[in-house]
Amino acid sequence: MKVSGIICEYNPFHNGHLYHINKTRENGATHIVAVMSGNFVQRGDTAIMDKLERARLAVHSGADLVIELPVQYCLSSAENFASGAVYLLDSLGAVDEISFGSECGDTDSLLKAMATVDLAAVTHADEIRGIMEKGYTYPRALNSVVNGYDAEAASIISEPNNLLAIEYLRALKKHDSRMEAFTVKRKNAAHDSTESEDGFASASLIREMIGSRNNISELTTPEWAEAVAEAVKKGETASLSRLERVMLYKLRTCSTDEISQIYDVGQGLEHRIYGARMAGSLDELLFTVKTKRYTMARIRRIMLSLLIGITKEDMKQLPPYGRILAFNERGREILARAKDTARIPFASSIAKLSQLSDIAERFAELEIRASDIYGLALETVTSAQKDYRAKIMIDME
């Protein structure tokens, strides 16, 4: 029995994800546990479909057990996203390796680049700070410095999935994990590519196609294509644009102090955000705040965190539990293996998990609130408190 962990969003699942799962199986994995973003994703957006439906489909597409990544980690930096997900996998005590995609496709090269980056962050801190003061993001400033003495490492960290892969490796080290690292070289379509190639397309292109009601059957599995078509038909797909008025309302009724408490807000950014409260649309708000230093994804994450109520204090705690969204027979075997090794509780009922501690109660509170808000982003609005009534998917066929 070899258990591999995959960190994912499946927003939506496509042929590149299937390729990754198949390559992970070819590397010897007999069981796969996925830590998946819930109803909000790391790019600062709503997930195209409800988390329970995506978890159900994930189990039908190669995953055996799906665990939810808490919303504050979904709406955070790549570093925190990776740290929270790796911590959940490691806390099972039953996962042998973590499998992730990268443009590089070579773990040793990624580790070498990580060492170079970590050294540069310390020895060239003043130079990096100086570049950032000119209005550039930290990753761009770091890349500029690294390129000055290690072009290969700079080339590696210039690719988005390589950067995320390095964060996974860094998280393994941070949590002193014994899980091995295995990377799969990304196939064909690049991150956020606007074109498909040989049946492969970026998730962003597929989401655009879904929004335009185009057929995606060649880019994903038949079951996912059918489920997406049905969700579109029933009004069960989400869009951030439907949260426009509630986000504008939240900004118009909060204070600079409240904004300053949100994670990733610092260096006076709260004043820039507060100054955008006159905006008459979400796009106007975002473009008013955006600069070279503050990316659109970061601003969207901040605005969603403000809406949900995720603060700096909420990012000081590691997940106190793992919430199970779906599993099959092999998933049951993973849980059986973890029975004596898990370092935090794993269960499906958020009501029961919320009773474990004050921290667990806060995590559950944010998750339930996030799901309630997500229901407003669907074409057909759903009722509140849905997380309490959620039935996880158990597939024993």
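This is a short chat about strands, empty spaces, unusual backbone spots and cysteines in a predicted model.

Me: Before we start, what kind of model is it, and how are residues numbered?
Reply: It's a predicted model, where local features need pLDDT of at least 70, side-chain atom pairs count only at pLDDT 80 or more, and totals for chains, interfaces and linings use all residues. Residues are numbered from 1 along each chain as its sequence is written, and side-chain values use heavy atoms, with hydrogens and water left out.

Me: OK, strand β6. Is it mostly covered or mostly open?
Reply: Mostly covered: 5 of the 6 residues in β6 (residues 97-102) are buried. Buried here means under 20% relative accessible area, exposed is over 50%, and partly exposed is in between, using a 1.4 Å probe and protein chains only. Strands are DSSP runs of E with at least two residues, helices are runs of H or I with at least four, and both are numbered from the N terminus.

Me: Which strands does β6 pair with?
Reply: β1 (residues 3-8) pairs with β6 in the parallel sense over 3 bridges. β7 (residues 180-185) also runs parallel to β6, joined by 6 bridges. Two strands count as paired if DSSP finds at least two bridges between them.

Me: Any specific bridge partners? What does S4 go with, and what about S102?
Reply: S4 has E97 in β6 as its bridge partner. For S102, the partner is K185 in β7.

Me: Switching to voids. How many cavities are there?
Reply: There are 4 cavities of 30 Å³ or more. The search uses a 1 Å grid over the protein atoms alone: a cavity is a set of points where a 1.4 Å probe fits but cannot get out, a pocket is an open set with protein on both sides within 12 Å along at least five of seven lines, and lining residues have an atom within 4 Å of a point. Grid points are joined across faces, edges and corners, and a volume is the space filled by probe spheres set on the points.

Me: What's the volume of the largest cavity, and what lines that one?
Reply: The volume is about 80 Å³. The lining includes N39, D50, L52, Y374 and K386. The elements giving two or more residues to that lining are α19 (358-377) and α20 (386-389), and the largest share, 3 residues, comes from α19. By type, the lining residues of the largest cavity divide into 4 nonpolar, 4 polar and 3 charged. For that split, Ala, Val, Leu, Ile, Met, Phe, Trp, Tyr, Cys and Pro count as nonpolar, Asp, Glu, Lys and Arg as charged, and the others, Gly among them, as polar.

Me: And the second largest cavity, what lines that?
Reply: E68, L69, P70, Y321, R323 and E367 line the second largest cavity, which has a volume of about 50 Å³. The split there is 3 nonpolar, no polar and 3 charged.

Me: What about the second largest pocket, how much space is in there?
Reply: About 550 Å³. Of the 23 residues lining the second largest pocket, the closest to its centre are D45, R207, A238, S239 and L240. Helix α10 gives the largest share of that lining, 5 residues. The lining of this pocket divides into 8 nonpolar, 6 polar and 9 charged residues.

Me: Backbone oddities next. Where is there a cis peptide bond?
Reply: Between N11 and P12, with omega about -5°. P12 sits in the loop between β1 and α1 (15-26). Y10 is found in the loop between β1 and α1 too, and Y10 has a positive phi near 45°. Most residues other than glycine have a negative phi, and most peptide bonds are trans.

Me: Is Y10 buried or exposed?
Reply: Y10 is buried, at a relative accessible area of 2%. R213 also has a positive phi, near 60°, but R213 is exposed at 53% and lies in the loop between α10 and α11 (222-234).

Me: Last one: how many disulfides?
Reply: The count is 0, where a disulfide is a pair of cysteine sulfur atoms within 2.5 Å.

Me: Why is C8 not in a bond?
Reply: Because the closest cysteine sulfur, in C74, is 10 Å from the sulfur of C8, too far for a bond. C8 counts as buried at 6% relative accessibility, and C254 is buried at 7%.
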